[in-house]
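This report looks at a metal site and at the aromatic side chains of one structure. Please keep the sequence and the model at hand while reading.

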Amino acid sequence: MLKEFRADLHVHTVLSPCGSLEMSPVRIISEAKKKHIDILAVTDHNSTRQCRVLMELGQEAGITVWGGAEINTREEVHCLALFDRMEALEEFQLWLDRWLVKIENNPDFFGDQVWVDVEDNILGEEKYLLIASLDRSLEQCIDEVHRLGGVFAPAHVDRSSNSLSSQLGFVPPDIRADAIEVSPNATPEMIKKHGWDKIKPLIAGSDAHQPERLGVNITTVMMKNSSLNEFKKALKGMDGRSVMVERLQRNSGDLT
Ligand SMILES: [Zn+2]
Ligand SMILES: [Zn+2]
């Protein structure tokens, strides 16, 4: 039996230097509940350290939380890496710690980089600037995410900075990604012109840095349950499963 899940696959927390201090785990989950979001992916810049608290809180609230990060490759391309197992996240964190280019954060200039518990007590602080890049190429990032069983998707492909389009000039048709993320600003015309939907299935995330922005860009997934494994099958369109960007569908009918 397939069920419909509404997913916001790109959400920042208080841990991202650019994320609002209001983006605490409790606030994010209550906002997601209010907006009828079934699946939330936590994707802070180059760190997974806020994921565990959100995953636990989500479980209590009946919202599936996938952990991950928005990684920044050596080419300065932002990409989403999604996992649903804590062990994979922990291993991925070691890899991030190893390859993040070490520039000390200046909180007054870039913002705080703390992760917090359910009462907003600070659990720790990232010392190095999380919006720096990893000393790993796009290809090496894809390899690592796949080695750990994660889903890899270049982020906000339509954006004029830190995207495949802006950094490489195009989306390589043979890219070994599982999906391509479009931002809340992507239009059907833009997508059609570049043919992104012909390369990989399109997914959406809000890229929320403030609570109000949560859920502004939703991926609707038809699958059996909210596991990442089912999501991978949905991305491949297996046995009737499907993935679509809610906003684009609503605005334009069928993209093709
Ligand atoms: Zn980004
Ligand atoms: Zn982002």
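## Charges over aromatic rings

The charged end of arginine 136 is placed over the ring of tryptophan 99, at 3.5 Å from the ring centre. This arrangement, like everything that follows, is read from a predicted model.

A second charge of this kind belongs to lysine 102, whose charged end sits over the ring of tyrosine 128, with 6.0 Å to the centre of that ring.

## Aromatic pairs

In total, four aromatic pairs are present in the structure. One of them joins phenylalanine 92 and tryptophan 95, and because the ring centres are 5.4 Å apart and the planes meet at 15°, this pair is stacked. Both residues belong to helix α3, which spans residues 86-99, and as they are three residues apart there, about one helical turn separates phenylalanine 92 from tryptophan 95. Phenylalanine 92 counts as buried because its relative accessibility is 0%, and tryptophan 95, at 10% relative accessibility, likewise counts as buried, the cut-off for this class being under 20%.

Another pair is formed by phenylalanine 109 and phenylalanine 110, whose ring centres lie 4.9 Å apart and whose planes stand at 90°, so that the pair is edge-to-face. Here phenylalanine 109 counts as exposed, with a relative accessibility of 64%, whereas phenylalanine 110, at 30%, counts as partly exposed.

## An aromatic cluster

The stacked rings of phenylalanine 92 and tryptophan 95 also take part in a wider grouping, since Phe83, Phe92 and Trp95 form one aromatic cluster.

## The zinc site

Turning to the metal, the zinc ion (ligand 1) has as its protein donors Glu70 through OE, His78 through ND1 and His156 through NE2, at distances of 2.0 to 2.1 Å. Along the chain, the donors of this zinc ion (ligand 1) follow the spacing E-x7-H-x77-H. Glutamate 70 lies in strand β3 (residues 64-72), while histidine 156 lies in the loop between β7 (151-154) and α6 (164-168), and the pair therefore ties together parts that are 86 residues apart in sequence.

Glutamate 70 has a further role in the geometry of the site, as it bridges the zinc ion (ligand 1) and the zinc ion (ligand 2), and these two ions lie 3.6 Å apart. Where accessibility is concerned, glutamate 70 and histidine 156 are both buried.

Definitions and conventions
Residues numbered from 1 in each chain as written. Chains lettered and ligands numbered in written order. Predicted model: local features only at pLDDT ≥ 70, side-chain atom pairs only at ≥ 80, totals over all residues. Heavy atoms only, no water. Donors = N, O, S within 2.8 Å, 3.2 Å for Na, K, Ca; no water. Helix = DSSP H or I, 4+ residues; strand = E, 2+ residues; numbered from the N terminus. Buried < 20%, exposed > 50% of the residue type's maximum accessible area, 1.4 Å probe, protein only. Phe/Tyr/Trp six-rings, centres within 6.5 Å; stacked < 30°, edge-to-face > 60°. Lys NZ or Arg CZ within 6 Å of the ring centre and 35° of its normal.
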